[in-house]
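Biologist: Could you take a close look at the charged side-chain pairs here? I'd like one connected walk-through.

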Amino acid sequence: MADQPADKKLFENLSGAGKAIGVLTSGGDAQGMNAAVRAVVRMGIYVEAKVYFIYEGYQGMVDGGDNIVEVSWESVSSILQVGGTVIGSARCKEFRTREGRLKAAFNLIQRGITNLCVIGGDGSLTGANLFREEWSGLLEELAQSGKIEEEAVKKYVYLNIVGMVGSIDNDFCGTDMTIGTDSALHRIIEVVDAIMTTAQSHQRTFVLEVMGRHCGYLALVSALACGADWVFIPEYPPEEGWEEQMCVKLSENRARKKRLNIIIVAEGAIDSHNKPITSEKVKDLVVQQLGFDTRVTILGHVQRGGTPSAFDRILASRMGVEAVLALLEATPDTPACVVSLSGNQAVRLPLMECVQMTQEVQKAMDERKFCEAVRLRGRSFENNLNTYKLLSHRRPDAELPKDDLSCSTNFNVAVLNVGAPAAGMNAAVRSAVRVGITEGHNMFAVIDGFEGFARGQIKEISWGDVGGWTGQGGSLLGTKRTLPAKYLEKIADQMRANNINALMVIGGFEAYESCLQLAEARARFEEFCIPICVLPATISNNVPGTDFSIGADTALNAIVETCDRIKQSASGTKRRVFIIETMGGYCGYLANMGGLAAGADAAYVFEEQFDIRELQANVEHLTEKMKTSIQRGLVLRNENSNENYTTDFIYQLYSEEGKGVFDCRKNVLGHMQQGGAPSPFDRNFGTKISAKAVQWISKKLKETYRKGKVFANTQDSVCLLGMRRRNLLFQPVVDLKDQADFVHRIPKEQWWLKLRPLMKILAKYKTSYDVSDSGQLEHVARHSPKEAETGAI
């Protein structure tokens with residue numbers, strides 16, 4: 001690890017020596033809980049704290065005995081990829097009584113535990129906060145009854161609580177994403193994709209019931225991710241007469257040669273009178289009104305099961321480490337906090353503020369203040385709902401914006417893909433086309449990138465043409481890496497011939513560079529003086545100006561799935577190390593984040609140069625590891641991390657140095673990382689940022705339309721839309737020039753490099769960890785509707 005600047009706040013300054021941390025999971029299980037438990041245990045041990053498992057949630061805390069056990073580093077090996085919770089979860093009526101909490105306090109004091117990390121939903125976290133508030137009184141009561149010494153009361157005077165939200169419903173206010181939600185979406189989308197093939201074969205309508213008794217997040221996002229015809233959620237009941245509206249829409253879709261209909265129902269869906277809307281009721285309605293062959297599928301606990309997604313593993317690992325930091329920094333005056341995710345940033349929020357806001361959502365729904373309920377759910381939920389409303393219902397032509405003598409709204413907007421294919425590109429194109437049509441534009445598809453543009457491969461594309469595109473991998477428009485520089489004149493001719501007024505370019509570093517070239521060519525070609533927007537889409541995640549790119553999450557899941565299988569193959573053959581090569585060009589995002597999500601021992605990336613001494617240190621580290629009960633190793637290498645230390649070289653070095661201790665295998669993952677159906681995150685991210693980009697284009701077109709012509713020549717009319725920390729931002733491509741390394745095609749600064757030490761710490765390396773971003777307790781933001789427009793993904 002390179003030396004840190006002197007002004008950095010380093011984790012190694014914090015010590016947990018003498019502290020004891022208890023970790024428990026409570027309430028409903030969620031995929032990723034084990035990753036969080038693993039991170040808490042290993043980070044706790046790393047800072048020399050004692051860490052205890054509390055089995056069976058609060059029940060185990062009340063019962064004590066063998067339910068509270070000190071754990072070692074090896075205790076959490078091989079649990080990263082396991083769904084559910086290995087330490088168990090149970091409902092506990094006794095903990096709700098003071099007598100039960102008295103027993104729990106006694107059991108914790110016996111082991112010196114005054115730091116609790118609780119992973120669960122709002123009920124579990126509320127219980128923890130009450131326990132904390134009563135702590136000193138409970139200790140005094142125990143001392144008076146002679147169960148503990150007066151010294152213990154003074155020594156263990158206060159209890160620190162840090163919560164992490166594990167809930168597949170994503171129903172906790174204050175965080176954009178809870179642990180388990182992304183994995184649950186994976187299960188839902190796997191089922192929807194499978195159902196779609198059988199539904200198309202028989203021209204069927206499928207009604208899918210998903211979990212969400214009080215929160216419609218899963219139903220809403222899965223409807224966005226699969227392009228469902230209709231969705232029912234508790235926070236946004238349909239208007240009066242919805243039965244007829246839905247049937248009209250379904251029959252119109254069939255008339256347009258659509259062979260299937262998908263309707264998604266949250267289990268807690270209600271109408272505007274607070275009466276339940278069940279999947280059976282919806283099915284009966286479709287059969288009676290339309291006579292369509294209709295089936296109901298209730299997903300049930302399938303959504304809770306299975307292995308956690310890459311996103312959930314990384315989220316849980318980050319949250320677990322942040323929770324330990326929060327416990328170490330806590331003082332008697334620090335309120336119980338919950339570790340949350342805002343955009344792409346870990347934040348700490350007062351637990352009870354979040355719980356209170358979560359309860360306010362239910363209160364608003366009970367009082368039928370549904371707009372208020374949606375707003376309280378947060379920016380992410382509101383953006384999802386607004387995007388779904390934009391994309392799901394085509395407005396009649398009579399309602400679309402019309403030509404206006406002062407300002408035309410019927411502009412021609414072209415969409416193209418540039419660079420290597422990435423899963424989620426098609427979802428972004430579908431969103432752009434449908435939102436563009438809703439905004440009153442004529443949408444044009446360019447085939448095969450700028451090469452196709454130069455050859456005139458441009459065609460108008462309609463609402464129906466992009467039906468069913470969200471779940472398709474690759475690029476249905478076709479894509480090429482070719483930059484526009486050598487075709488500028490021909491592209492300008494085609495723009496003039498087709499009267500293209502705006503351009504959306506979806507792709508990787510090539511897309512960014514292409515738009516930079518178009519911006520710089522404006523002086524020579526007036527045709528390029530139009531609004532242009534770049535959407536980052538590449539598995540490498542190497543575009544300047546954004547933390548995430550469409551396609552990177554799908555590639556990460558492919559890597560992690562393969563690593564899981566490879567690790568499993570080693571379970572029968574002890575003492576084996578796997579060297580795995582990932583894609584990404586010079587960008588180490590996939591290798592680093594794949595390593596974090598798969599529990600790798602090392603990840604070699606171009607951004608952090610390594611030498612033979614580090615390679616040797618890694619071999620020695622693995623040699624020591626083989627002496628423990630964990631007798632396998634996993635090493636990831638980014639394809640261009642070093643021109644001399646190739647994958648073959650590292651494989652041969654490890655094989656030679658590990659002789660007699662471990663043997664080696666290597667695996668080059670190759671183009672499987674580019675293929676496959678897009679993950680829910682990529683479908684959702686692509687859909688939402690594309691919709692936002694088209695709305696930005698519409699605004700720019702109106703601003704730059706003068707005397708019957710569009711003329712945009714300012715820097716802010718060629719922008720890249722990227723996720724930066726907490727917000728989606730439009731950034732002029734010219735301004736990003738200084739942030740890009742054009743030789744290696746990567747951003748000069750990359751946020752994920754801060755997570756490098758985290759991976760090393762969880763793999764038992766001694767290293768320093770920059771915590772200058774963490775440690776700030778914030779208040780829960782109550783955003784205005786305006787904020788939702790600029791907010792999180």
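Let's start with one residue: what relative accessibility does E778 have, and does that count as buried, partly exposed or exposed?

Modeller: Keep in mind that this is a predicted model. E778 comes out at 25% relative accessibility, so E778 counts as partly exposed, given that buried means under 20% and exposed over 50%. The side chain of E778 meets that of R726 in a salt bridge, 2.6 Å from N to O. This pair ties together distant parts of the chain: E778 sits in the loop between α23 (756-762) and α24 (785-790), R726 in the loop between β24 (718-724) and β25 (727-732), and the two positions lie 52 residues apart in numbering. R726 is partly exposed too, at 23% relative accessibility.

Now take R348 and E322, whose closest N and O atoms are 2.8 Å apart in another salt bridge. That one also links distant parts of the chain, with R348 in strand β11 (residues 345-350) and E322 in helix α10 (residues 310-329), 26 residues apart. Here both partners, R348 and E322, are buried.

K699 and E703 give you a local case: their salt bridge has its closest N and O atoms 3.5 Å apart. Both sit in helix α22 (residues 680-704), and because they are four residues apart there, about one helical turn separates them. E703 is partly exposed, with a relative accessible area of 37%.

Pairs aren't the whole story, though: R98, R101, E134 and E141 are linked in a network of salt bridges. Across the structure, the salt bridges number 38.

Note on methods
Residues are numbered from 1 along each chain as its sequence is written. This is a predicted model: local features need pLDDT of at least 70, side-chain atom pairs count only at pLDDT 80 or more; totals for chains, interfaces and linings use all residues. Side-chain values use heavy atoms; hydrogens and water are left out. A salt bridge is a side-chain nitrogen of Lys or Arg within 4 Å of a carboxyl oxygen of Asp or Glu. Buried means under 20% relative accessible area, exposed over 50%, partly exposed in between (1.4 Å probe, protein chains only).
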